[in-house]
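User: I have a model open and want to talk through its packing. Can you take my questions as they come?

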Amino acid sequence: MPNTLVPAAGEAMPAAFLGRFSRRAALGAIASLPAVGSAAAANAALADQTPVERFQAAVAELRAAAEALDPNIYNWTVSTNGDKQCGVLIAAFRTTTKYEGDGWYASPYEWGEVKQIFVRRAPEHDRKGERWFRIGPSATSNHKSVLMAEERFRLNYGPKVQA
C-alpha cells in the first residue's frame, strides 16, 4: 500500500496511520465537520452577493478585527475613488490621548525646544455636548493659544506629562 495520507476512494485508512491520532485529535476532527459545512454554505452565500455587498462585508470584518486588536481605533474613512490612481482608500485613526485634567501634555509639534503644551478645559465654549479646550505654550496666558474640540485634541496630542 502506498504511503499517502488520503486513501483512494473505498479504501480504509492504514492501521499504522490511525494509530498516530489520539482520541482527542479524532474528536476534534469530528467536531470540526459542521464548520466545514458552514464554510461551504458561506461560500455559496458569497456567490449570491454583488461585488458591493462583498466589499462592504469584507470592510466590516476588517473593522471588527482591527478594533479588537487596537481599542484606540475609532474613526474610519473608507472610500472608493472611481478612476483615480488610488481606487480604494481605507484609513483608521487612533486616539493618542485622553483628557486627564488640566496640565502639560506631550505634543508632536514644537515651539523651539518645547515639546509639550498646556491644556485647559474651556467649558464656556462647549457646544452641543462637545467639550472644548484651550491649548497653548503657557499655563497662564491665552496669548498664542487655540481652542480645540475634544476629538481633535484626542487625535493630535500625546499623554499627560507628569510635572
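User: Which residues make up the largest nonpolar core?
Analyst: This is a predicted model, so local features need pLDDT of at least 70 and side-chain atom pairs count only at pLDDT 80 or more, while totals for chains, interfaces and linings use all residues. Residues are numbered from 1 along each chain as its sequence is written, and side-chain values use heavy atoms, with hydrogens and water left out. The largest nonpolar core has nine residues: Tyr 99, Tyr 105, Ile 117, Val 119, Phe 133, Ile 135, Met 148, Phe 153 and Tyr 157. A nonpolar core here is a set of buried Ala, Val, Leu, Ile, Met, Phe, Trp, Tyr and Cys residues joined through side-chain atoms within 4.5 Å. Buried means under 20% relative accessible area, exposed over 50%, and partly exposed in between (1.4 Å probe, protein chains only).

User: Which elements give two or more residues to this core?
Analyst: Those are β4 (114–121) and β5. Helices (H or I, at least four residues) and strands (E, at least two) are DSSP runs, numbered from the N terminus.

User: What is the overall pattern along the sequence?
Analyst: The chain reads α-α-α-β-β-β-β-β-β-α, with four helices and six strands.

User: Back to the rings. How many aromatic pairs are there?
Analyst: The count is five. Rings of Phe, Tyr and Trp (its six-membered ring) pair if their centres lie within 6.5 Å; planes under 30 degrees apart count as stacked, over 60 as edge-to-face and the rest as tilted. Tyr 105 and Phe 153 form an edge-to-face pair, at 5.2 Å centre to centre and 85° between the planes.

User: Why does that pair tie together parts far along the sequence?
Analyst: Because Tyr 105 lies in strand β3 (residues 103–111) and Phe 153 in helix α4 (residues 150–156), the pair ties together parts that are 48 residues apart in sequence. Tyr 105 is buried, at 0% relative accessibility, and Phe 153 is also buried, with a relative accessible area of 0%.

User: And Phe 133 with Phe 153, what kind of pair is that?
Analyst: The pair is tilted, because the ring centres of Phe 133 and Phe 153 are 5.3 Å apart and the planes are at 35°. Phe 133 is in strand β5 (residues 132–136) and Phe 153 in helix α4, 20 residues apart, so this pair links distant parts of the chain.

User: Which residues do the ring pairs link into a cluster?
Analyst: Tyr 99, Tyr 105, Phe 133, Phe 153 and Tyr 157.

User: Which residue lies over the face of Phe 133?
Analyst: Arg 121, at 5.5 Å from the ring centre. A charge sits over a ring if NZ of Lys or CZ of Arg is within 6 Å of the ring centre and within 35 degrees of the ring normal.

User: Different spot: where is Pro 159, and what does it touch?
Analyst: Pro 159 is in the segment after α4 and counts as partly exposed, at 49% relative accessibility. Leaving out residues up to four places away in sequence, Pro 159 touches Thr 96, Thr 97, Tyr 105 and Ala 106, where contact means heavy atoms within 4.5 Å. Pro 159 and Tyr 105 are 54 residues apart in sequence and 5.6 Å apart in space, C-alpha to C-alpha.

User: Last one. Where does pLDDT stay under 50?
Analyst: Over residues 1–27, for which the model has six contacts beyond four places in sequence. pLDDT is the predictor's confidence in each residue, from 0 to 100. The chain averages 75, and 69% of the residues score at least 70. Where pLDDT is low, the predicted coordinates should not be read in detail.
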